[in-house]
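Student: I have a structure in front of me and would like to work through it one question at a time. Could you help me read it?

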Amino acid sequence: MTLPSVQIHGAEYLSLKSLAKVVGNPPILARTRGTVRIQLGSSSLVLTVGSQKVRVGKSVVVLSESPRRFGGGIIVPLELLPIALGARYGENYVNWDPETRVARIGERAYSVRLLRVRAYPDHTRVVVEETRPHDFVLREDGASGRVVLELKRGIVSPSIRSSQVPDGLVASIEIQQLDNDSRITIHGAERRLRSKVFALERPDRIVIDLFPREGPERSSRQAETVTKTTPERADKLKPVARGVESTEPSDLLLSRQFVKTVVIDPGHGGRDSGAIGQSGAKEKDIVLDIGIRLRQLIEENLGMKVIMTRTEDVFVPLENRTMIANRHRADFFISLHVNAAPRSRAVGFETYFLSREPSDRGARASAVRENTALNLEGVGQDAQRGLKTVLWDLAQTFYVRESSELAELLLNELGQNLKVDNRGVKSAPFFVLIGAAMPSVLVEVAFITNPEEEQKLEQETYRQRVALALLNGIAKFKTRYEKRVGSMSAPSPVVR
Ligand SMILES: [Zn+2]
């Protein structure tokens, strides 16, 4: 079955009718205007025209664009197709290749479904999520700084791509689909990687922890091979790597506190003043003040380490801001901004996560405005595009879900605490978020172009309230994230 798609502002859509045809059930219009439900096997899909949020079964998925009306019908972003197919036929049986845009059902179901990378202060963790356990071999090549994982009879999901990992320890991860096996090659930055590997269940996954190789190697062997097979996986959660320093997986240490460091990025600064209000308030000053207040609140209440990209009125190139975050191995990154709009009546706040295409016209305008610092840095159009391609995959593959969740939590708190219009979670291509090797969001706290909002922003008490609301959102994200990661890699043995 081939389905026609429509392109609008560079984003690709599919008609609701086509989507319904593929999943084999007609769309049912709800009483609420613009809300549609489609049955997908035992669960259902609920979408609303103009809303990026789609409910699939019990979970909510935030799309990069909203379903909209077009040519007398409703169209939905193309990315909804693999989601709906997965829910309808079972995720393991749907193979969606975003490159060729072909969905295959029940054919060569992939067995390696997701790759996650996370940088911690002393190591980087690569998690390979499987749909079934594989026999695997891990080879560590000290001389070349490579760590190679081969999954026997593995089929890599086409959504996993080779990526750069600018975290200082790992340089890149290369994905290869061989005839019978899948190969994942981790290239170290500066040729120095030491690894530990272990397998966990529910979901099946292989965890590789990478550490810097310090001092002269104990063993001068060029390569060491570690083999591990499936039957061991249920009863032994110990690292199987050679030279095991401790019998406990590093999860034990991590589970106490995962989320330790946050980077607060007050937008603009120096010669880049950002948006300016009618009475002369400058975005760069307001966001710096909110950022400093937020830092104090986080340090006092959450005991986390806070790194600021600037604490003074100085110009910081956009790229350096994420580099600061990557260098400190931050757990998440929050860029603070104040909105501006030609219509001076516009009010409310917005939170953003990174997407290739803006989610609406307002999001496009925000991205254009926030990206203008690149021109001040003298970065040409071509270089801007290059930067975007290189860094895109990483951000896109690994952190979108967490970033949109953080954006959502911050938005809810701002809404509850400030009682101002909530303009929703949006997404757009913000350069300042692109290189971040961690969940990252951009917050537009109010419209400086609206005289009333400008007046509020000039009040210390209001800026403190904004900082407090952000603190609450961060606290919720921290708790939720730690709970999830904690249960995912719980060190207690798995009971069958
Ligand atoms: Zn800004």
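Student: In which sense do strand 3 and strand 4 pair, parallel or antiparallel?

Tutor: Happy to help! Strands (E, at least two residues) and helices (H or I, at least four) are DSSP runs numbered from the N terminus, and two strands pair if DSSP finds at least two bridges between them. Strand 4 covers residues 35-40 and shares 2 bridges with strand 3, and one pairing matches Leu-29 with Val-36 of strand 4. The sense of the pair is antiparallel.

Student: Before we go on, what kind of model is this?

Tutor: Residues are numbered from 1 along each chain as its sequence is written, and side-chain values use heavy atoms, with hydrogens and water left out. Local features need pLDDT of at least 70, side-chain atom pairs count only at pLDDT 80 or more, and totals for chains, interfaces and linings use all residues, as the model is predicted.

Student: Which strands stand at the edges of the open sheet of 5 strands?

Tutor: The order in this sheet is 3-4-5-6-7, with antiparallel pairing. An edge strand has a single partner strand, so one side is left without a neighbour in the sheet. That applies to strand 3 (28-29) and strand 7 (59-62).

Student: At about what angle does helix 1 run to strand 4?

Tutor: Helix 1 (residues 16-23) packs on the sheet and touches strand 4 and strand 5 (43-48), where contact means heavy atoms within 4.5 Å. Axes are lines fitted to C-alpha atoms, for helices over the stretch in contact, and angles run from 0 to 180 degrees between N-to-C directions. For helix 1 and strand 4, the angle is about 20°.

Student: What spacing do the donors of the zinc ion follow along the chain?

Tutor: Donors are N, O and S atoms within 2.8 Å of the metal (3.2 Å for Na, K and Ca), and sites may look incomplete because water is not among the atoms. Here the protein donors are His-268 (NE2), Glu-283 (OE), His-337 (ND1) and, listed twice, Glu-370 (OE), lying 2.0 to 2.4 Å from the zinc ion. The spacing is H-x14-E-x53-H-x32-E.

Student: How many residues apart in sequence are the parts tied together by Glu-283 and Glu-370, and are these residues buried or exposed?

Tutor: Glu-283 lies in helix 4 (residues 283-301) and Glu-370 in helix 6 (residues 361-371), so the pair ties together parts that are 87 residues apart. Buried means under 20% relative accessible area and exposed over 50%, with partly exposed in between (1.4 Å probe, protein chains only). Glu-283 and Glu-370 are both buried.

Student: What is the average twist in the open sheet of 6 strands?

Tutor: This sheet has the order 23-22-24-27-25-26 with mixed pairing. Strand 23 (305-308) and strand 26 (422-428) stand at its edges. From one strand to the next, the twist averages 25°.

Student: Which residue of strand 27 is the bridge partner of Asn-339?

Tutor: Strand 24 (residues 332-339) and strand 27 (residues 440-447) are joined in the parallel sense by 6 bridges. Helix 6 lies across strand 24, strand 25 (349-354), strand 26 and strand 27, at about 100° to strand 24. The bridge partner of Asn-339 is Phe-447.

Student: Which residue forms a salt bridge with Arg-423?

Tutor: A salt bridge is a side-chain nitrogen of Lys or Arg within 4 Å of a carboxyl oxygen of Asp or Glu. The closest N and O atoms of this pair are 2.9 Å apart, and the link runs from strand 26 to strand 25, across 73 residues. Arg-423 is partly exposed at 30% relative accessibility, whereas its partner is buried at 1%. That partner is Glu-350.

Student: How many salt bridges does a search of the whole structure find?

Tutor: One of them joins Glu-150 and Arg-183 at 2.9 Å, N to O; Glu-150 lies in strand 15 (residues 146-151) and Arg-183 in strand 18 (residues 182-188), so parts 33 residues apart are tied together. Another joins Asp-313 and Lys-284 at 3.2 Å. Lys-284 is buried at 8% relative accessibility, while Asp-313 is partly exposed at 42%. The whole-structure search finds 21.
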